[in-house]
Amino acid sequence: MKLVKLLPIMAIASVCVAGQVHAAQDPLMMPEQPAAPLTAEQQEISLAVPSEEVKAVVSEFAAFQLGMSNALIQDDNRVMSGQQRYTNNVLYYMNIRRSWYITSHRYKKDSYARVALDRLYLDYKEFFTNHTTVSDMNKAEYENQILAILEKNTANMSNDELRFYMNEMVIYSLKEAMRDGNNRVKRIR
């Protein structure tokens with residue numbers, strides 16, 4: 001009789017253990033593993049990066065930057081042009097989205113997703129720090145360089161969830177930067 005009473009408890013315990021084992025195998029939570037280039041089959045079925053939406057937003061942002069005046073704006077003892085202000089805003093919003101993914105998913109410092117998101121952010125930070133303005137002559141090159149950073153960071157990445165996050169990180173940051181004319185956004189260091 002006692003065995004019959006223990007059977008449901010043992011069944012529940014085994015389901016809980018099996019669920020924990022499966023959850024621990026999330027590849028985004030595990031430490032980064034050396035990545036091999038994607039096979040042709042993997043490239044066909046992987047999420048497109050950069051997506052068509054990313055390409056459209058990058059083109060829109062470059063055109064938006066061209067429309068900004070390069071009149072100097074003084075704010076908090078610093079002087080910057082209109083274009084510089086918006087590239088600073090891109091980094092600000094990209095950092096917000098990166099931090100949101102890391103916090104909401106509770107990625108550890110050495111997890112694959114966090115390392116990849118940090119690497120993407122740092123590449124964009126370097127780019128936007130060195131390329132604060134765009135002109136008619138270098139607009140196409142400017143767009144291609146923004147897209148190339150995303151392509152480089154996802155070239156050997158087979159995880160579609162992370163590829164999606166990276167697409168969204170770029171889309172969100174560029175759209176919010178264009179929407180936000182706030183010159184009080186703190187400068188990213």
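Author: A nonpolar patch joins Val, Leu, Ile, Met, Phe, Trp or Tyr side chains within 5 Å, from residues with over 30% relative accessible area (Shrake-Rupley, 1.4 Å probe) and no salt bridge. This is a predicted model, where local features need pLDDT of at least 70 and side-chain atom pairs 80 or more, while totals for chains, interfaces and linings use all residues. Residues count from 1 along each chain, and side-chain values use heavy atoms, without hydrogens or water.

Reader: Which residues make the nonpolar surface patch of about 310 Å²?

Author: Met10 sits in helix 1, residues 2-23 (a DSSP run of H or I, at least four residues). Met10 shares the patch with two partners, so the full list is Leu6, Ile9 and Met10.

Reader: How many nonpolar residues are in the contact of helix 5 with helix 7?

Author: These helices, residues 112-130 and 160-179, pack at about 35°. The contact (heavy atoms within 4.5 Å) includes Tyr112 and Leu162. No polar or charged residues join in, and the nonpolar count is 14.

Reader: What separates Lys55 and Glu52 along helix 3?

Author: Their side chains meet in a salt bridge (Lys or Arg nitrogen within 4 Å of an Asp or Glu carboxyl oxygen) at 3.6 Å. Because they're three residues apart in helix 3, the separation is about one helical turn.

Methods: Patches are made of residues with over 30% relative accessible area and no salt bridge: like charges are joined within 9 Å, nonpolar side chains (Val, Leu, Ile, Met, Phe, Trp, Tyr) within 5 Å. Helices (H or I, at least four residues) and strands (E, at least two) are DSSP runs, numbered from the N terminus. Axes are lines fitted to C-alpha atoms, for helices over the stretch in contact, and angles run from 0 to 180 degrees between N-to-C directions. Ala, Val, Leu, Ile, Met, Phe, Trp, Tyr, Cys and Pro count as nonpolar, Asp, Glu, Lys and Arg as charged, and the others, Gly among them, as polar.
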